[in-house]
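Here are my notes on this one, as numbered points. Have the model open while you read.

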Amino acid sequence: MKTRQILGDVLIFAAVLFTIYLSVIMIHRIRTVVLKDTYFSIFRYELLTCAIFLLFAFDLRFGFLTAMSFKALKIVGWLVRILVVLAFSVILFFVGKVTLGSFVRTAEPVEHVLVLGLALENGKPTADLISRLDTAERYWRADPESSLVLTGGNPDPSGRTEAGVMRDILLERGIPEEALILEDQAASTKDNFRNAARLIDPDEPVVLISSNYHMDRAVRTAKGAGFTHVLRLPAPSSVLNFGANVMWEVVLEMNAWLHKQ
């Protein structure tokens, strides 16, 4: 019993701390990115997962779901407990899937490299977007015969798109314009790949560059858009924001899984 109480206390503290951490990051993003409605919608589901975490932790600590003496309520409490444990287990599964997927790297020399964009904050590239460009630049300098397909629309109020900002940065770094292919109409990851499939042959092998936490979903989405041979080249991401980014991916992965059911 004492071990259960200690574990419950630890999980309650972790759940509250993570909820605060996630809220601070997401509220900042909602205030600064172009896609405010999308970020707010995802944030609501992230808070729901945090609520499940908290409910699991409180029940572990205090056992309140099955503490009622009335038999019917006790049965309901057990059913709720089972649902909470199942939901918590599913969330943990996807956290592990996204986290482990961030380490997988299968890149090799190819003709085309897909570099995914990322929402600008106040019209400026985030640290994770710069990291994707750093990874793309290193790849191209090792294989200058390749082309970099820069994807991402979502223009800011000045009209600058993710892909346009990426192109300007790479041009400043000395990568020739003929090595860059622009896809600046996409509003989502799905659109990135659908539009890119019109620019390059999706049956040819491609290297996919995105942030490490995004790789699993990005590869699955690319294959869904018709790309048959997708090689992975994850870009390092912000350690401080990694937990929040993983939770974003977990929400979207769970949504995709639920819609397949």
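1. Starting with the inventory: this is a predicted model, and its chain has 8 helices and 5 strands. Going along the sequence, the order of elements reads α-α-α-β-α-β-α-β-α-β-α-β-α. That puts three helices ahead of the opening strand, with helices and strands taking turns from there.

2. On overall dimensions, the C-alpha atoms fit a box of roughly 75 × 35 × 30 Å along the principal axes. The chain's accessible surface is about 13,500 Å², and carbon and sulfur atoms account for 64% of that. Of the 261 residues, 48% count as buried. Among contacts with a separation of 6 or more, 75% are between residues 24 or more positions apart.

3. Strand E2 (residues 147-151) is a good place to look next. How many of its residues are buried? The count is 5 of 5. Ser147, Val149 and Thr151 point one way from the strand, while Leu148 and Leu150 point the other way. Both sets are buried, so neither direction leads to an exposed side chain under the 20% cut-off on relative accessible area.

4. Now for the neighbours of E2. Strand E1 (residues 112-116) pairs with E2 in the parallel sense, over 5 bridges; one pair to find on screen is Val115 with Leu150 of E2. Strand E3 (residues 180-183) also runs parallel to E2, joined to it by 4 bridges. There, Leu148 has Leu180 of E3 as its bridge partner. Leu148 and Leu150, which point the same way from E2, thus turn up in the bridge pairs with E3 and E1 respectively.

5. What about the connections? From E1, helix H4 (residues 127-142) leads on to E2 in a right-handed β-α-β unit. E2, helix H5 (residues 162-172) and E3 make a right-handed β-α-β unit as well. E2 therefore belongs to both units, given how the crossovers are assigned.

6. Last, the surface. Leu55, Phe58, Phe62, Phe64, Val76 and Val80 make a nonpolar patch of about 480 Å². Helices H2 (36-62) and H3 (71-101) are the elements that give two or more residues to this patch, and H2 gives the most, with 3. Is Phe58, a residue of H2, buried or partly exposed? Phe58 counts as partly exposed because its relative accessibility is 34%, and the class in question lies between 20% and 50%.

Terms used:
Residues are numbered from 1 along each chain as its sequence is written. This is a predicted model: local features need pLDDT of at least 70, side-chain atom pairs count only at pLDDT 80 or more; totals for chains, interfaces and linings use all residues. Side-chain values use heavy atoms; hydrogens and water are left out. Buried means under 20% relative accessible area, exposed over 50%, partly exposed in between (1.4 Å probe, protein chains only). Two strands pair if DSSP finds at least two bridges between them. Patches are made of residues with over 30% relative accessible area and no salt bridge: like charges are joined within 9 Å, nonpolar side chains (Val, Leu, Ile, Met, Phe, Trp, Tyr) within 5 Å. Accessible areas come from the Shrake-Rupley method with a 1.4 Å probe; for residues, only the protein chains shown count as cover. A salt bridge is a side-chain nitrogen of Lys or Arg within 4 Å of a carboxyl oxygen of Asp or Glu. Contact means heavy atoms within 4.5 Å.
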